[in-house]
Amino acid sequence: MINIRWYKVLNDLAGNKTRTLLIVLSMAVGLFAVGVILSARSILSRGLAESFAAINPSTGVVRTGETFDEQFLASVRSMHDVQAADARRNLAARIEIAPDEWKNISIFVVPDYNEIQVNKIEPDTGAWPPPEREILIERAALQVIHAQVGDTVRIKLANDTIREMKISGTAYDPAQMPAQLDGTPYGYVSTETLDWLGESFGFNELYVIASNPEDEEWSRQVVNQVKDKAERIGLTIPMTMTAEPGQLPMDDILQAILALMGILGVLSLSLSVFLVVNTVSALLAQQKRQIGVMKAIGGSSLQLLGMYLVMVMAYGAFALLLAIPLGIYGARALSQSMAYYFNFDLASMDIPMQSIVLQGIVGLALPVIASLVPFISSLRISPAEAMSLYRTGKGRFGTNPVDRMISGRNLWFARDFPVRSFLLSLRNTFRSKGRLLLTLITLTLGSATFISVFSVRSSLTSTVDEMMKWFNFDVMITFGRSYRSEELQQLARQLPGVYETDTWQQLTVRRVRPDGSEGSMIYMFAPSPDSKLISSPGLAEGRWLLPSDQNAVVVSSALFIEEPDLKLGDNIVLKLYGDEFTFKIIGVSIGTSFGTIMYANYDYVSRITDRAGESDALMVSMSTHDPESVLSASSALERLYESNGLRVNTVDTMFVERAQAEAIFDTIVSLLLVMAVLMALVGGLGLMGTMSINVLERTREIGILRAIGAPNRGVAQVFIMEGIAIGLMSWLFGALLAVPMSGALNLAVGTSMMGTPLTYSYSVSGMLIWLVAVFFLSTLASYIPARNASRLTVREVLGYE
Amino acid sequence: MTSLKSDPKNKKKKLDKGHWISLKQVVKIYPSLAGPVTALKGIDLQIDRGDFAVIAGKSGSGKTTLINMISGLDGLSSGEIWIGEVALHQFDPESAAHWRGINIGVVFQTFDLLPTLTILQNVMLPMDFARRNNPPQQRERALQLLKQVDILEHAYKTPSALSGGQQQRAAIARAMANDPMLLLADEPTGSLDSSTADSILDIFETLTDQGTTVILVTHDRDVARRGSRVITLSDGEIVHPS
């Protein structure tokens with residue numbers, strides 16, 4: 001037989017089921033959010049890294065201008081500092097994704113798909129390895145080329161040969177950037193198919209793993225050794241690339257997401273902490289008289305403290321029983337959907353122990369700490385005071401200016417209109433200021449997080465707008481080589497509907513670092529600074545190009561992620577067509593790292609590259625900008641140039657480019673929507689729980705109101721108005737707090753993804769959605785317990801403890 | 001209430017005559033919005049063992065404050081309270097709670113039984129707090145007390161299932177759980193009808209006969225007449241000591 005005091009604990013838990021349920025739910029929802037976010041963050045960061053490691057990723061890539069054979073590959077493999085090496089043929093081709101609409105595709109040729117040592121490709125669906133004269137498509141690329149397994153597609157090679165090929169299956173190639181993110185689909189064919197396509201076999205891409213793959217600097221040196229070796233046998237090297245150890249192809253997005261999840265994890269943890277503190281304080285306030293009675297019959301502080309600590313720990317334990325399994329389920333579902341976006345199979349979905357432990361600490365230890373403060377304060381007062389104060393409050397209301405202001409004495413409408421119940425609600429709201437403050441902090445945090453999540457989403461759209469706004473044209477065509485600018489423009493103007501044309505130079509450059517190593521490929525656009533079709537892109541700092549500028553460049557902020565030693569005003573050495581030139585960074589534009597971009601003056605670039613008067617890119621502005629006419633014009637332009645013997649490389653329409661840029665953010669936006677729903681759940685249930693506990697606490701007061709003749713509806717009205725008043729205050733404070741909070745989130749997401757904060761945009765729609773939610777939830781949260789209380793008889797209500 | 005009288009086990013220690021409870025210049029000042037309010041203005045009072053003392057007076061006269069001082073439920077502003085050799089005014093709240101749990105039983109106007117415990121459990125609780133006996137012994141004693149106050153059949157009900165009179169009987173049984181020397185009752189009949197109130201007062205008389213000192217607070221003259229001694233308070237001062 002256990003001691004009687006523990007029966008009180010048990011009976012309190014079981015006896016007041018509504019209260020227990022509300023407290024447990026309020027705690028559980030916060031713990032659930034913490035569990036989902038922290039576990040998903042850990043699964044993603046660890047699971048993706050493990051999955052990536054499983055493909056034996058290369059630490060460096062060397063691309064050759066000419067093809068090489070197995071013998072050279074074997075010699076690279078035998079190098080002392082090379083742990084492993086593998087080679088492929090990367091064939092640039094185009095694929096028809098709709099009648100007359102072609103898209104660039106990279107086709108890989110591997111001699112033996114089952115013997116790949118580096119950057120392993122796995123079978124996914126259908127045939128494996130690729131059968132002769134058929135093609136496998138990377139699984140994430142099917143949606144980009146609008147095709148299914150079994151379809152036959154037309155492939156156009158650089159030599160203008162067009163072949164029809166059946167898609168006989170899909171492959172899983174995690175080393176490539178997911179097609180929906182960078183827009184490039186990947187295909188895989190056999191060496192026999194390469195013969196059939198009219199190309200002779202040979203490799204042009206070498207994947208290397210250095211002997212110490214964890215050391216990026218060492219990897220770079222090894223790649224340089226391989227590059228030197230290739231150059232010694234007469235190969236030209238247009239590109240070398242070194243990856244950070246274990247860095248995934250879409251690491252920037254992943255880092256942005258992890259940063260976002262980290263911040264939201266901390267926010268939901270704080271929210272959870274306040275929910276716990278709030279509910280425990282409400283519980284102790286409600287039990288104040290009983291504490292007084294127990295002290296009066298000889299209960300010591302230690303005994304009572306033990307009872308209430310066990311009680312709050314029991315609430316925490318129940319909440320954990322709900323939150324841990326649901327959190328595990330939620331974290332796995334979230335990780336799975338993120339992995340799908342990243343085109344990754346998660347090797348492990350193990351929930352990290354730290355996440356469970358943290359939930360346990362928040363769920364068990366925190367309520368104990370939270371209850372210590374109100375408990376100690378309730379211990380300070382004598383049992384006599386505890387018992388006499390309980391019934392309808394301390395009676396200190398009216399002693400400060402806020403109380404006097406809302407007393408209604410000085411409010412003209414209080415005299416002329418029947419607003420007594422409104423004023424009573426308002427005064428009730430402010431009566432217990434400590435509790436109000438605690439409730440408001442909790443709800444404000446929830447409101448601010450919800451609105452901030454919406455604001456980050458809106459800021460992402462604004463950032464895309466900023467990034468795209470400098471394109472004042474509809475179609476951009478790049479050519480296989482430079483042509484006379486005048487010829488390009490004259491041909492375009494023959495097409496009906498063409499409004500304006502302009503040309504520029506577009507080339508790929510690489511940074512040559514002070515140690516002689518080369519950075520990743522950078523797209524350099526060299527327009528005329530006074531072009532009508534290109535205005536200044538959104539600048540994070542510095543200025544746009546002037547006609548008088550010579551070796552000046554405006555670089556996209558993403559460059560600084562890869563080259564952190566650079567900053568505005570620095571000189572940068574760039575390799576253009578094999579020669580090195582020094583440029584000065586005069587401006588920084590906002591941009592993602594997928595295809596880092598820089599801008600230079602046409603006159604200067606065309607002069608140093610001996611291409612004065614020539615261009616390799618054409619911009620066309622149409623008189624109508626709807627997607628259909630732009631698309632048909634782009635196809636017509638491509639045919640026009642090809643029929644005139646000019647080699648078209650790519651045809652891009654700006655609405656597709658925009659969709660592409662948005663697709664990069666889609667993953668984050670989807671995650672943000674999940675987070676917004678989660679925060680709404682936490683904030684909403686927190687709001688409902690807090691309000692309901694507040695009303696339950698005042699059941700006796702409801703009895704008094706009814707005893708003095710207030711009708712049921714009137715009583716409910718007083719409490720609903722009070723709930724709405726608290727809800728609206730939290731919304732207002734939350735909307736204000738969301739201003740800096742969104743800024744912090746924008747900084748975290750933007751910096752990890754683009755090296756600069758996102759273009760700030762406060763989400764008014766998010767604010768309004770939350771206003772409606774707050775109104776609805778406050779009403780519901782106050783109505784249900786107030787209605788229940790008003791249904792009791794006056795005698796029952798007055799006897800309520 | 002014959003059951004208490006007929007039980008020989010309830011015959012207590014032989015009464016020592018002489019002042020057992022002694023209050024010397026007890027002052028209690030409460031802070032309030034309008035400034036400090038002196039609820040007790042230097043009370044001097046002696047109560048003997050076995051007395052059924054009634055503290056009477058109008059509302060606001062300081063009756064409840066006085067009983068709270070004697071029970072240690074509230075601290076005094078100045079003065080001394082002695083119960084036997086024990087200087088209650090020197091106790092800190094924690095020691096006061098412990099001492100009270102063993103030596104004083106308290107009964108409130110609104111019964112104040114814990115709503116989530118059964119009547120039996122309510123009576124066992126003070127014994128648990130005082131760490132007296134093991135749970136089965138506590139249960140046996142509680143059942144015995146409930147039998148003495150004639151509500152044994154309600155032992156396993158919760159307070160809300162009982163009438164006001166029955167709840168007050170349970171509250172008296174709870175107050176007697178640790179066999180205290182002193183029972184303090186603050187308006188114990190204030191929420192009851194007159195016939196129920198009479199039966200409750202019978203219990204107090206019986207307890208007094210068995211040696212328990214009872215101090216009862218009331219504003220009701222009829223109730224006051226049942227005491228062996230009436231102390232009348234007015235504006236925080238004793239105006240009629242006996």
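These are my notebook entries on a predicted model with chains A and B.

**Entry 1. The interface**

I began with the contact between the two chains. I counted 32 residues of chain A and 28 residues of chain B in this contact. The buried area between chain B and chain A came to about 2,600 Å². I noted that carbon and sulfur atoms give 63% of this area. On the side of chain B, I looked up which three residues bury more area against chain A than any other three, and found B:Thr116, B:Asp128 and B:Phe129. Together these three supply 24% of the area that chain B buries against chain A.

**Entry 2. Polar links across the interface**

I then turned to charged and polar pairs. The rule gave 2 salt bridges across the interface of chain B and chain A. One of the salt bridges joins A:Arg289 to B:Asp112, and I read 2.5 Å between their closest N and O atoms. For polar contacts, I recorded 10 residue pairs across the interface, with both residues of a pair at pLDDT 80 or more.

I next asked which helices of chain B supply at least two residues each to the side that touches chain A. I found helix H3 (93–103), helix H4 (119–129) and helix H5 (135–148) of chain B. The largest share, 6 residues, comes from H4(B). I also sorted this side of chain B by class and obtained 14 nonpolar, 8 charged and 6 polar residues.

**Entry 3. Aromatic pairs in chain A**

My search for ring pairs over all chains returned 18 aromatic pairs. I examined A:Phe68 and A:Phe203 in detail. Their ring centres are 5.6 Å apart and their planes meet at 40°, so I entered the pair as tilted. I placed A:Phe68 in strand S1 (residues 60–68) of chain A and A:Phe203 in strand S9 (residues 203–210) of chain A, so the pair ties together parts that are 135 residues apart in sequence. A:Phe68 has 5% relative accessibility and therefore counts as buried. A:Phe203, at 1% relative accessibility, also counts as buried.

I took A:Phe479 and A:Tyr641 as another case. This aromatic pair is edge-to-face, with 5.0 Å from centre to centre and 80° between the planes. A:Phe479 lies in strand S11 (residues 475–484) of chain A, whereas A:Tyr641 lies in helix H20 (residues 627–643) of chain A, so here the pair ties together parts that are 162 residues apart in sequence. I found both A:Phe479 and A:Tyr641 to be buried.

I also traced a cluster linked by ring pairs, comprising A:Phe473, A:Trp504, A:Phe525, A:Trp544 and A:Tyr599.

**Entry 4. The surroundings of A:Asp549**

I located A:Asp549 in the loop between strand S14 (539–542) and strand S15 (552–556) of chain A. Is this acidic side chain's residue, A:Asp549, buried or exposed? Its relative accessibility is 11%, under the 20% limit, so I recorded A:Asp549 as buried.

Leaving aside residues up to four places away in sequence, I found that A:Asp549 touches A:Arg543, A:Trp544, A:Ile586 and A:Asn601. Of these, A:Trp544 had already appeared in the ring cluster. I noted that A:Asn601 is 52 residues from A:Asp549 in sequence, while their C-alpha atoms are 6.9 Å apart. The side chains of A:Asp549 and A:Arg543 are joined by a polar contact of 2.8 Å. I also noted a polar atom of the A:Asp549 side chain 2.7 Å from the backbone nitrogen of A:Leu546.

**Entry 5. Backbone geometry**

I ended with backbone angles. The peptide bond from A:Trp128 to A:Pro129 is cis, and I read its omega as near -10°. A:Pro129 belongs to the loop between strand S4 (122–126) and strand S5 (134–138) of chain A.

I looked up two residues other than glycine with positive phi. For A:Asn343, phi is near 60°. I placed A:Asn343 in the loop between helix H10 (301–341) and helix H11 (353–380) of chain A. The relative accessible area of A:Asn343 is 5%, so this residue is buried.

For B:Glu187, phi is near 45°. B:Glu187 sits in the loop between strand S7 (182–186) and helix H7 (194–209) of chain B. With a relative accessible area of 10%, B:Glu187 is likewise buried.

Key
Residues numbered from 1 in each chain as written. Chains lettered and ligands numbered in written order. Predicted model: local features only at pLDDT ≥ 70, side-chain atom pairs only at ≥ 80, totals over all residues. Heavy atoms only, no water. Contact = heavy atoms within 4.5 Å. Buried area = accessible area lost by both parts, 1.4 Å probe. Salt bridge = Lys/Arg side-chain N within 4 Å of Asp/Glu carboxyl O. Polar contact = N/O pair within 3.5 Å; in protein donor to acceptor, adjacent residues only side chain to side chain. Helix = DSSP H or I, 4+ residues; strand = E, 2+ residues; numbered from the N terminus. Nonpolar A, V, L, I, M, F, W, Y, C, P; charged D, E, K, R; others polar. Phe/Tyr/Trp six-rings, centres within 6.5 Å; stacked < 30°, edge-to-face > 60°. Buried < 20%, exposed > 50% of the residue type's maximum accessible area, 1.4 Å probe, protein only.
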